[in-house]
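Thank you for passing this structure along for comment. The points below are meant for someone coming to it fresh, and they are best read with the structure open alongside.

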Amino acid sequence: MSTSAPVAQRPTPETTKKPRRSSFNEGTGRLAAILLSPTMLVLILVVGLPILSALRESLYQSGQRIDESGFVVQGSEFVGLDNYTAIFSGETGERFWNAFYNTTFFTVTCVLLETVLGVAMALVMHKAFRGRGIVRASILVPWAIPTVVSALLWKWIFQADGIANELLGTQILWSTEGWQSVMSVIIADTWKTAPFIGLLVLAGLQTIPDEVYEAAKVDGAKAWSQFIHITMPLVKPALLVAVLFRILDTLRIFDLPFVLVGPNKESVETLSILAYLEANQTRYGPAAAYATLLFIYVAVVAYVFVKLLGADVFGDAIQRKAKKKKNGRNGRGGQAKQADAGAPVAGLTAGGGLGGE
């Protein structure tokens, strides 16, 4: 007499139901919103309200003016888009496009020079040699100096009887209209801000494992090949972020040319200087219009830079790649589990037992 083995009861849907995590996620999201609310409030007060105020001011015209009847009127008057249309017409338009060209030229030239010198500084600071700490400190000193102090320093260097003319053996008037004033601004800005790019690139270099270079040496890769195929691709995220910050900063350049060369100099007049001069003459409406156009220009450049060159400013690309890989592994794992679960059933059906033939 044989006894049959007890058959295990199949689990009910209630016992196999996965625990809900929505309550935990909802609580986490609520906590995150509470913690971020003070920061968002500060950003609204410090960034949002000034932008809205500038947009509103650009639609008005303030100060003293003469109306159609010949009377002097003082106060603000709504003029709509007249401040914007006046920027692109007549002598004002020529001055605007000159300032726009100077701003773009300084941005492209200075950022290119700073990138090359910054990468070279990072490679030097990354090498292991005696006195490396002193070299790093001396390279970072220009970045630590305030811009106005740096402009005054270079103004003394570029004086008629300054060090620059002594070294060149000529008498160049660096602060007058012409190419010399443009060169003085480019030299001073590159000297000051190239260490910033070098510092961020150095941080990226220190994350590269030494084993990568050792493997490349074993494969016979030369120094230049290692730099092109290993260093630059791995340093690219940090370099792009540094270049993006420098582009945004140079587009708003004001204090360096203003102090080094001076105002009302056509060769170095930028959009920020133009907006300042308008506000200094109590023409707040046109000044706000200039500032708004500069804001739009900076926003467009930043958007195009991020989209075309893929500057991962907030680390979103890394998170997306990790999530994609995780989803891919989960999908393959789920298919494998289904296949493994179906294999014993197929074996039982074909051979009447596990592994039966």
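**Notes on the helices and selected residues**

1. Helix H8, which covers residues 179–205, contains 27 residues and spans 37 Å from its first C-alpha to its last, close to the 39 Å expected at 1.5 Å a residue. Please keep in mind throughout that this is a predicted model. H8 nevertheless has a bend of about 35 degrees, placed at Trp-191, and a proline, Pro-195, comes within four residues after that point. Of its 27 residues, 20 are buried, so H8 is largely enclosed by the rest of the structure.

2. For the overall setting, the protein has 14 helices and 4 strands, and 30% of its 357 residues are buried. Among contacts with a separation of 6 or more, 67% are between residues 24 or more positions apart.

3. One of the partners of H8 is helix H5, residues 132–144, and the two pack at an angle of about 125 degrees with their axes 6 Å apart. Angles from 115 to 145 degrees are classed as oblique, so H5 is described as oblique to H8. The crossing of these two helices is left-handed. On the H5 side the residues involved are Arg-136, Ile-139, Leu-140, Pro-142 and Trp-143, and they meet Trp-191, Lys-192, Thr-193, Pro-195, Phe-196, Leu-199 and Leu-202 in H8. A reader may like to note that Trp-191, where H8 bends, and Pro-195, the proline that follows, both appear in this list of contacting residues.

4. How does helix H4 lie against H8, and at what angle do they pack? The angle is about 45 degrees, and the axes are 6 Å apart, which makes H4 oblique to H8. H4 passes H8 in a right-handed crossing, whereas the crossing of H5 and H8 is left-handed.

5. Two valines of H4 deserve a look in connection with H8. Val-116 is found in H4 and is exposed, with a relative accessible area of 59%, a value that is over the 50% needed for that label. Its C-alpha is 9.2 Å from that of Gly-198, although Val-116 and Gly-198 are 82 residues apart in sequence. Val-124 also has its place in H4, which runs over residues 90–126, and this valine is partly exposed, with a relative accessible area of 41%. Between the C-alpha atoms of Val-124 and Gly-198, which are 74 residues apart along the chain, the separation is 9.5 Å. When neighbours within four places in sequence are left aside, Val-124 is in contact with Phe-129 and Val-135.

6. A further pair to examine is helix H10, residues 223–251, with helix H13, residues 284–309, which pack at an angle of about 165 degrees with their axes 10 Å apart. That angle makes H10 roughly antiparallel to H13, and H10 passes H13 in a right-handed crossing. The residues that meet are Lys-236, Leu-240, Val-243, Leu-244, Ile-247, Leu-248 and Leu-251 in H10, and Leu-294, Tyr-297, Val-298, Val-301, Ala-302, Phe-305, Val-306 and Leu-309 in H13. As general background for reading such a list, an α-helix has 3.6 residues a turn, so residues three or four places apart point the same way.

7. In the loop between helix H11 (255–260) and helix H12 (271–280), is Thr-270 buried or exposed? With a relative accessibility of 0%, Thr-270 counts as buried. Not counting residues up to four places away in sequence, Thr-270 touches Ala-99, Thr-103, Phe-106 and Ile-253. Asn-264 has its place in the loop between H11 and H12 as well, but Asn-264 is exposed, with a relative accessible area of 56%.

8. Finally, the backbone of two loop residues should be checked by eye. Asn-264 has a phi near 60 degrees, which is a positive value in a residue other than glycine. Thr-282, in the loop between H12 and H13, likewise has a positive phi of about 60 degrees although it is not a glycine. Thr-282 is partly exposed, with a relative accessible area of 41%, while Asn-264 is exposed.

How values were computed
Residues are numbered from 1 along each chain as its sequence is written. This is a predicted model: local features need pLDDT of at least 70, side-chain atom pairs count only at pLDDT 80 or more; totals for chains, interfaces and linings use all residues. Side-chain values use heavy atoms; hydrogens and water are left out. The expected span of a helix is 1.5 Å times one less than its number of residues. The bend at a residue is the angle between axes fitted to the seven residues ending there and the seven starting there. Buried means under 20% relative accessible area, exposed over 50%, partly exposed in between (1.4 Å probe, protein chains only). Axes are lines fitted to C-alpha atoms, for helices over the stretch in contact, and angles run from 0 to 180 degrees between N-to-C directions. Angles under 35 degrees count as roughly parallel, over 145 as roughly antiparallel, 65 to 115 as roughly perpendicular and the rest as oblique. A crossing is left-handed if the near helix is turned anticlockwise from the far one by less than a right angle, and right-handed if clockwise. Contact means heavy atoms within 4.5 Å.
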